Amino acid sequence: MTPIRPDGHGSMEARVRIERLSEHPQLVEVVGRWHWDEWGHEDPDGSLAEWTSRLREHAPDAAIPLTLVALSSNGTPLGSVSIVDQDMPERPESRALGPWVGGTYVVPEARNRGVGVALMRAVERTAAALRVDRLYLHTSTAKVFYERLGWEVLMEDFYRGERVTIMVREIPLSVSSWRVGVRIWYHQSSLPNRPVLPLPRGVAKASEPRSLS
Ligand SMILES: CC(C)(COP(=O)(O)OP(=O)(O)OC[C@H]1O[C@@H](n2cnc3c(N)ncnc32)[C@H](O)[C@@H]1OP(=O)(O)O)[C@@H](O)C(=O)NCCC(=O)NCCS
């Protein structure tokens, strides 16, 4: 694949179409395979079939959980990102947080061309359209990537045997318009009025990392 970096991220965002995975059911297995190959080792009791079937259930309407897929101009799938209610099921404390961004993934041959940034911007717009004003994620590999996109470190933790950083992103609810080339896939009338949970007591929006335990 030819690199398109000289144009910068903004134009990449315009070249990549980002759409609901539920509009492309033929891609569910492709995305399921990406996720399983990248993170399946973290879920020893899980299976590719189970992960794929969970993705298939992602809301066909505008509700969470949902998955977005990045497509090249000729329809080749390049990456994905999801919004889910819970992404740290083995940590009861994390249930007070959410929703979560997970499954941020770009195929190796399309990396460093702005696709990841385009997906993250799309996820913010989607959250804003759903009236979600705060998103969370945990990462062991891409803290700096998210920091550069405005995410803040909430705390450091250990999860499934790895050191992870839990991050939060405030979403301005005015962010709802789309740049050229990115389709609107939701219907205002069907958007749920989701309550947004405050930070749990004692969890400061810290610039200094702290541990849950
Ligand atoms: C992380 C990931 C989604 C980034 O996607 P991408 O399309 O390569 O990202 P972009 O091209 O939009 O990158 C924008 C910038 O972030 C940087 N970046 C990319 N991945 C990074 C990482 N893991 N950590 C820090 N910076 C990163 C790029 O170098 C680029 O910097 P530059 O503008 O100075 O050149 C992709 O590398 C990936 O799928 N990795 C494997 C899965 C993964 O780790 N996902 C995150 C799990 S929380």
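What follows is a chat between a biologist and a modeller about a predicted model of a protein chain with a ligand.

Biologist: Before the details, what makes up the secondary structure of the protein chain?

Modeller: Five helices and seven strands. Reading from the N terminus, the order is α-β-α-α-β-β-β-α-β-α-β-β. Buried residues account for 33% of the 213 residues. If you take contacts between residues at least 6 apart in sequence, 67% of them join residues at least 24 apart.

Biologist: Okay, helices. Why is α2 called oblique to α3?

Modeller: Two packed helices are described by the angle between their axes and the distance between the axes. Here the axes of α2 (residues 28–39) and α3 (residues 48–56) cross at roughly 130° and come within 9 Å. Angles over 145 degrees would count as roughly antiparallel, and 65 to 115 as roughly perpendicular. The crossing of roughly 130° fits neither range, so α2 is oblique to α3. As for handedness, α2 passes α3 in a right-handed crossing.

Biologist: Which residues make the contact between α2 and α3?

Modeller: From α2 you get Val28, Glu29, Val31, Gly32, Arg33, His35 and Trp36, and α3 puts in Leu48, Trp51, Thr52, Leu55 and Arg56. Sorted by class, that contact has six nonpolar, three polar and three charged residues.

Biologist: Now the loop between those two helices. What makes Gly46 partly exposed?

Modeller: Gly46 sits in the loop between α2 and α3, and it has 14 other C-beta atoms within 10 Å. Buried takes 20 or more, and exposed means 12 or fewer. A count of 14 lands in between, so Gly46 is partly exposed. Leaving out residues up to four places away in sequence, Gly46 touches Gly40 and Trp51. Gly46 and Trp36 are ten residues apart in sequence, and their C-alpha atoms are 9.2 Å apart.

Biologist: How do you know that Met167 is buried?

Modeller: Same test: Met167 has 22 C-beta neighbours inside 10 Å. The cut-off for buried is 20 or more, so Met167 qualifies. Met167 belongs to strand β7. Beyond its neighbours within four places in sequence, Met167 is in contact with Tyr136, Leu137, Thr139, Tyr146, Trp151, Glu152, Val153 and Leu154. Tyr146 is 21 residues away along the chain, with a C-alpha separation of 8.3 Å from Met167.

Biologist: And what makes Arg95 count as partly exposed?

Modeller: Arg95 has 13 other C-beta atoms within 10 Å. Exposed would need 12 or fewer and buried 20 or more, so Arg95 is partly exposed. You'll find Arg95 in the loop between β3 and β4. The C-alpha atoms of Arg95 and Asp85, ten residues apart along the chain, are separated by 8.7 Å.

Biologist: On to the backbone. Which peptide bond in the loop between α3 and β2 is cis, and how do you know?

Modeller: Most residues other than glycine have a negative phi, and most peptide bonds are trans. The bond from Ile64 to Pro65 is cis, with omega near 10°. Pro65 is in the loop between α3 and β2 (66–71). There's also the bond from Gly98 to Pro99, which is cis with omega near 0°. Pro99 is in the loop between β3 (77–84) and β4.

Biologist: What makes Arg131 and Arg160 worth a look on phi?

Modeller: Phi of Arg131 is near 65°, a positive value in a residue other than glycine. Arg160 also has a positive phi, near 50°. Arg131 is in the loop between α4 and β5 (134–139), while Arg160 is in the loop between β6 (152–159) and β7 (162–170). Arg131 has 15 other C-beta atoms within 10 Å, so it counts as partly exposed. Arg160 has 15 C-beta neighbours inside 10 Å, so Arg160 is partly exposed too.

Biologist: Last one: how many residues surround the ligand, and which are the closest?

Modeller: There are 16 residues around the ligand, and the closest are Arg111, Gly116, Val117, Thr139 and Ala142. The elements giving two or more residues to that shell are β4 (100–106), α4 (115–129) and α5 (143–147). By class, the shell divides into seven nonpolar, six polar and three charged residues.

Notes:
Residues are numbered from 1 along each chain as its sequence is written. This is a predicted model: local features need pLDDT of at least 70, side-chain atom pairs count only at pLDDT 80 or more; totals for chains, interfaces and linings use all residues. Axes are lines fitted to C-alpha atoms, for helices over the stretch in contact, and angles run from 0 to 180 degrees between N-to-C directions. Helices (H or I, at least four residues) and strands (E, at least two) are DSSP runs, numbered from the N terminus. Angles under 35 degrees count as roughly parallel, over 145 as roughly antiparallel, 65 to 115 as roughly perpendicular and the rest as oblique. A crossing is left-handed if the near helix is turned anticlockwise from the far one by less than a right angle, and right-handed if clockwise. Two residues are in contact if their C-beta atoms, placed from the backbone, lie within 7 Å. Ala, Val, Leu, Ile, Met, Phe, Trp, Tyr, Cys and Pro count as nonpolar, Asp, Glu, Lys and Arg as charged, and the others, Gly among them, as polar. A residue is near a molecule or strand if its C-beta atom, placed from the backbone, lies within 6 Å of it.
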